[in-house]
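Grab a coffee and work through these short exercises on helix packing and burial. Try each task before reading its solution.

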Amino acid sequence: MREGAGEGAPAIRLSCFEADELAEALAVPGPIAVLDLRFADDPQGPALIAAPCLHGLEDMTLQSCSLGPKGAAALAASPRLAGLRRLTIGDDLDGAAAAALLASPHLAGLRALSLQIAWDDEAF
C-alpha cells in the first residue's frame with residue numbers, strides 16, 4: 001500500500017506479506033522519504049539495499065522481516081542510506097550486527113536508532 005507525503009519526495013508506506021508488493025515499492029522511479037516494511041518474510045535484502053529509490057531515504061522501519069546479521073551488515077555497508085535520519089529494526093539482531101550498524105560511516109547522520117537485540121541468557 002502506498003501513501004503520498006505531499007511536498008518533496010513521496011513517502012511510501014508498505015505493509016506487506018507478499019514479495020510483489022515490495023517489488024512494486026522498489027520500482028518507484030524517484031527517491032522516497034519513508035519506507036515502512038513490516039512482516040515481509042523475504043525482504044529481498046540485496047535488492048532492497050541496492051534499490052535506486054533509497055537514495056535520499058530519511059526514515060526506514062524494518063519490522064519482522066527476517067533481516068538477520070547479513071541483512072544488517074548490508075544496511076551498514078550501503079552508501080545509499082547516507083541520508084537516513086531514523087532507523088528502526090524490529091528483528092532480533094545479535095551484538096555484532098548491532099555494532100556494525102553503530103560503526104557504519106554511512107549511518108553517521110542517524111538522529112534516531114531503535115534496534116531489537118536478541119537476548120542470550122548464556123552470556124550472563
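**Exercise 1.** Work out how helix 3 and helix 4 are arranged relative to each other.

*Solution.* Start with the axes: those of helix 3 (residues 68-77) and helix 4 (residues 95-103) come within 8 Å and cross at roughly 5 degrees. Axes here are lines fitted to C-alpha atoms over the stretch in contact, with angles from 0 to 180 degrees between N-to-C directions. Angles under 35 degrees count as roughly parallel, so helix 3 and helix 4 are roughly parallel to each other. Next, who touches whom (contact is heavy atoms within 4.5 Å)? Helix 3 brings Pro-69, Ala-72, Leu-75 and Ala-76, while helix 4 brings Ala-97, Ala-100 and Leu-101. Sorted by class, that makes seven nonpolar, no polar and no charged residues.

A word on the input: this is a predicted model, with local features needing pLDDT of at least 70 and side-chain atom pairs pLDDT 80 or more, while totals for chains, interfaces and linings use all residues. Numbering runs from 1 along each chain as its sequence is written, and side-chain values use heavy atoms, leaving out hydrogens and water.

**Exercise 2.** Decide whether Thr-61 is buried or exposed, and list its contacts.

*Solution.* First locate Thr-61: strand 3 (residues 59-63). Its relative accessible area is 10%, and buried means under 20% (1.4 Å probe, protein chains only), so Thr-61 is buried. Skipping residues up to four places away in sequence, Thr-61 touches Leu-35, Asp-36, Leu-37, Arg-38 and Thr-88.

**Exercise 3.** Write down the order of helices and strands along the sequence.

*Solution.* Count four helices and five strands, then read off β-α-β-α-β-α-β-α-β. Helices are DSSP runs of H or I with at least four residues, and strands are E runs of at least two.

Definitions and conventions
Angles under 35 degrees count as roughly parallel, over 145 as roughly antiparallel, 65 to 115 as roughly perpendicular and the rest as oblique. Contact means heavy atoms within 4.5 Å. Ala, Val, Leu, Ile, Met, Phe, Trp, Tyr, Cys and Pro count as nonpolar, Asp, Glu, Lys and Arg as charged, and the others, Gly among them, as polar. Buried means under 20% relative accessible area, exposed over 50%, partly exposed in between (1.4 Å probe, protein chains only).
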